[in-house]
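Here are a few exercises to help you find your way around a new structure. Have a go at each one before you read its solution.

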Amino acid sequence: MMEKALILIAAYLLGSIPFALLVGKIGYGIDIREHGSGNLGGTNTFRVLGVKAGLIVTCGDILKGTLAASLPVLFSVHVHPLLAGVCAVLGHIYPVFAKFRGGKAVATSAGVMLFYSPLLFVSLLVVFFIVLYISKYVSLSSMLAGVYAVIYTIFFTDDIPLMIAVSLLTAFIFYRHRANIKRIINKTEPKVKWLGGK
């Protein structure tokens, strides 16, 4: 029981690593929470600090989810990888290292899928970028990718833990995008500028 608890705590702490805050302060002397949306995630980093910083933060946020989900396997502890992954996502949303003000669960959730279901991860990327190309909204792309993941797990797998985890992570994503949903409806949500299309 103690080993299981330690794995889940370690997963939460991994998820709590605030890459956006670290990259902003160490690389640019900026507290990203005081700029843009104030969100500790890749999208706000892209907007405030640029492409290089945004890529570093996004990759870091993805990989901490991947590593957290792999902890039970690495240490041969009988904890479901998805449970460890969900703990990492909670750490990303409510990071102990950043006064519990974190990101919106998207990249870290994707990282969990990268470990547990690489095919789902790849198809999520495809859906995300198709929606992003059409809509120019990162937030909408993230939410619809989550909806796709739920549909995928229900109709194309018989993995009950995966269905539950994906549904839970998608609920987190929608909850964290409440303000974005209102802005999309009001047509005040910022659009990305670097994609083609109409």
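The exercises below look at a predicted model.

**Exercise 1.** Find out which residues of the largest nonpolar core touch the most other members, and which helix supplies the largest share.

*Solution.* Start with the core itself: it has 31 residues, and Val89, Met113, Leu120, Val166 and Phe172 touch the most other members. Next, look at where the core comes from: helix 5 (81–93), helix 6 (106–116), helix 7 (118–135), helix 8 (138–156) and helix 9 (160–176) each give at least two residues. The largest share is 7 residues, and helix 7 provides it. Now zoom in on Val166: leaving out residues up to four places away in sequence, it touches Met113, Leu120, Ala149, Val150 and Thr153. Finally, another core of 10 residues lies apart from the largest one, and Leu71, Val77, Val79 and Ala88 are among its members.

**Exercise 2.** Work out where Phe100 sits, and whether it is buried, partly exposed or exposed.

*Solution.* First, place Phe100: it's in the loop between helix 5 and helix 6. Then check its relative accessibility, which is 47%, so Phe100 counts as partly exposed. Phe100 also belongs to a nonpolar surface patch, along with residues including Met2, Leu6 and Tyr175. Together, the patch residues have about 960 Å² of accessible area. Helix 1 (residues 2–15) brings the largest share of that patch, 4 residues.

**Exercise 3.** Count the disulfides, then decide whether Cys87 is buried or exposed.

*Solution.* Searching the whole structure turns up 0 disulfides. Cys87 has 15% relative accessibility, so it counts as buried. Cys59, at 42%, counts as partly exposed.

Methods: Residues numbered from 1 in each chain as written. Predicted model: local features only at pLDDT ≥ 70, side-chain atom pairs only at ≥ 80, totals over all residues. Heavy atoms only, no water. Core = buried A, V, L, I, M, F, W, Y, C linked by side-chain atoms within 4.5 Å. Buried < 20%, exposed > 50% of the residue type's maximum accessible area, 1.4 Å probe, protein only. Contact = heavy atoms within 4.5 Å. Patch = residues over 30% accessible without salt bridge, like charges linked within 9 Å, V, L, I, M, F, W, Y side chains within 5 Å. Areas by Shrake-Rupley, 256 points an atom, 1.4 Å probe, with all protein chains shown as cover. Salt bridge = Lys/Arg side-chain N within 4 Å of Asp/Glu carboxyl O. Disulfide = S-S within 2.5 Å.
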